[in-house]
Amino acid sequence: MLAGLLPAIVQADTLAVTNAKIYTSTEQGVLTNASVIIEDGKIIQVNPDVVTADTIIDAKGGILTPGFIGAMNSLGLVEVGQEKMTRDTNDKAADMTFDPSLAFNPKSVAIPFARKGGITRNIVAPGGGETIFSGQTIEVTLTGDWDSVVATEQALFVSLGAKHDGSRIIGMQNLINKLDERQKALTKAESKKSDKDAAKEPTKEELIINAVLSGDKPLIAYADRGSDIMQLIKLKQRFNIDLVLLEAADAITLADEIAKAEIPVVMDALRNLPESFDSLHNSLDNAGKLSKAGVKVVLATPGDAHGNYALRYSAGNAVANGMDYQEAMASITSNVADTFHLDAGRIAVGMPADIVLWSGDPFEYSSHIEKMWIGGEEQSTESRQDVLRDRYMTKSSMPQAYTK
């Protein structure tokens, strides 16, 4: 009788993917004929001796990877690049408090298109205003659900370098002064805790700089020229901040210094032309050379909301131009997670089940997604482009524009 009164224990369904070639993006490396078991949206076993699950999917030798992670783009903030009313990336009034999550659209048609490229998470970046401070990044999953924003106020983004009007000195000087002034204020407050000024509530901007100085919030700095990169290396050493370089065309000339300072570089592997005097060292082999020098490289399609789909091709081109294959895989999975402090990017016990099953090498143009899961939930890879293709290829007595 008592047993009948006890609440029933609800067991979550388990899912297993078996007979797969698994790129774990961990120290385990690549596992062949291996299995992964998922429960409650998490990976609970990797390559167990015995596979037991409610649902078993035979990969038949297919390739299983962590979901790829896009970075520093405007996904969910831009619908049509040439239409101003669909662009929410920047504003003249934007400052370091600019928060992309307030305009992020999880129903953007660019999101299903990015999923087709194997992207399961993304770091959305603001475009900024009239100062060096562009705002803060956010982390999102690509489920398309209304609650797909995972984290806000994640990293502070600053843009440095050449200006159409004025000198680059002002931007760098502004950044140094902000950090220096805030550090002095914090030191003073610590030494005079009873001081009336020390007890004053810090402003939103002061809290952001506090987080950067404490290392809790990464500082993402866009800079191409070697002299600017060198100043940023000195800045990291002086303030002990969590610094990340974005684009950094001249990084190749300072590879040893960047590696020694343990500064990650987020870059577009397909950026091979000098767009300005700051980026004369752009080259298709930069990603491989930086990686071999010991720099943690994150491959991305910065700024472009619709370019995320091609992230895997960027990685493939990096491999074709000298980057190690495993390093290229890490550059769009685990390296992104480490750089932006994400709980993702690896196939390992306890990690969110963001995984993708491919028909072949994901860096090959002809490969496609067989199945995709985000947080253990299977996702559709149908995009607006697929719907339009089917619509206009459907035979009908009506003109094609009228086909439903």
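**View 1. Helices H3 and H5 lie side by side in this predicted model.** Two helices count as roughly parallel when the angle between them is under 35 degrees. Helix H3, which spans residues 168-191, and helix H5, which spans residues 226-239, pack at an angle of about 0°, and their axes are 12 Å apart; H3 and H5 are therefore roughly parallel to each other. On the H3 side of the contact are Arg168, Met172, Leu175, Ile176, Leu179, Asp180 and Gln183, and these meet Asp228, Gln231, Leu232, Leu235, Arg238 and Phe239 of H5. Sorted by character, the residues of this contact comprise 7 nonpolar, 2 polar and 4 charged.

**View 2. Helix H4 and the elements that cover its buried residues.** In helix H4, which runs over residues 204-214, the buried residues are Ile208, Ile209, Asn210, Ala211, Val212 and Leu213. Their cover includes the strands E8 (133-136), E11 (156-159) and E12 (219-223), together with the helices H3 and H5. After H4 comes Gly215, a residue with a positive phi near 85°.

**View 3. Strand E1 and the strands that pair with it, among them E2, E4 and E5.** Strand E1 covers residues 14-23 and is mostly covered itself, with 8 of its 10 residues buried. With strand E2 (residues 30-39), E1 runs antiparallel and is joined by 7 bridges; the two strands form a hairpin with 6 residues between them, and in the turn Ser25 has a positive phi of about 55°. With strand E4 (residues 55-58), E1 pairs in the parallel sense over 4 bridges, and the partner of Leu15 in E4 is Thr55. The pairing of E1 with strand E5 (residues 63-66) is also in the parallel sense, over 2 bridges. Ile22 takes part in two of these pairings, since it stands opposite Leu31 in E2 and opposite Leu64 in E5.

**View 4. Asn105 in the loop between strand E6 and helix H2.** The loop that holds Asn105 lies between strand E6 (68-73) and helix H2 (110-115). A residue is called partly exposed when its relative accessible area lies between 20% and 50%, so Asn105, at 27% relative accessibility, counts as partly exposed. When residues up to four places away in sequence are not counted, Asn105 touches Gly76, Glu79 and Ile111. Ser148 is 43 residues away from Asn105 in sequence, yet the two are 9.5 Å apart in space, taken from C-alpha to C-alpha.

Notes: Residues are numbered from 1 along each chain as its sequence is written. This is a predicted model: local features need pLDDT of at least 70, side-chain atom pairs count only at pLDDT 80 or more; totals for chains, interfaces and linings use all residues. Side-chain values use heavy atoms; hydrogens and water are left out. Axes are lines fitted to C-alpha atoms, for helices over the stretch in contact, and angles run from 0 to 180 degrees between N-to-C directions. Angles under 35 degrees count as roughly parallel, over 145 as roughly antiparallel, 65 to 115 as roughly perpendicular and the rest as oblique. Contact means heavy atoms within 4.5 Å. Ala, Val, Leu, Ile, Met, Phe, Trp, Tyr, Cys and Pro count as nonpolar, Asp, Glu, Lys and Arg as charged, and the others, Gly among them, as polar. Buried means under 20% relative accessible area, exposed over 50%, partly exposed in between (1.4 Å probe, protein chains only). Two strands pair if DSSP finds at least two bridges between them.
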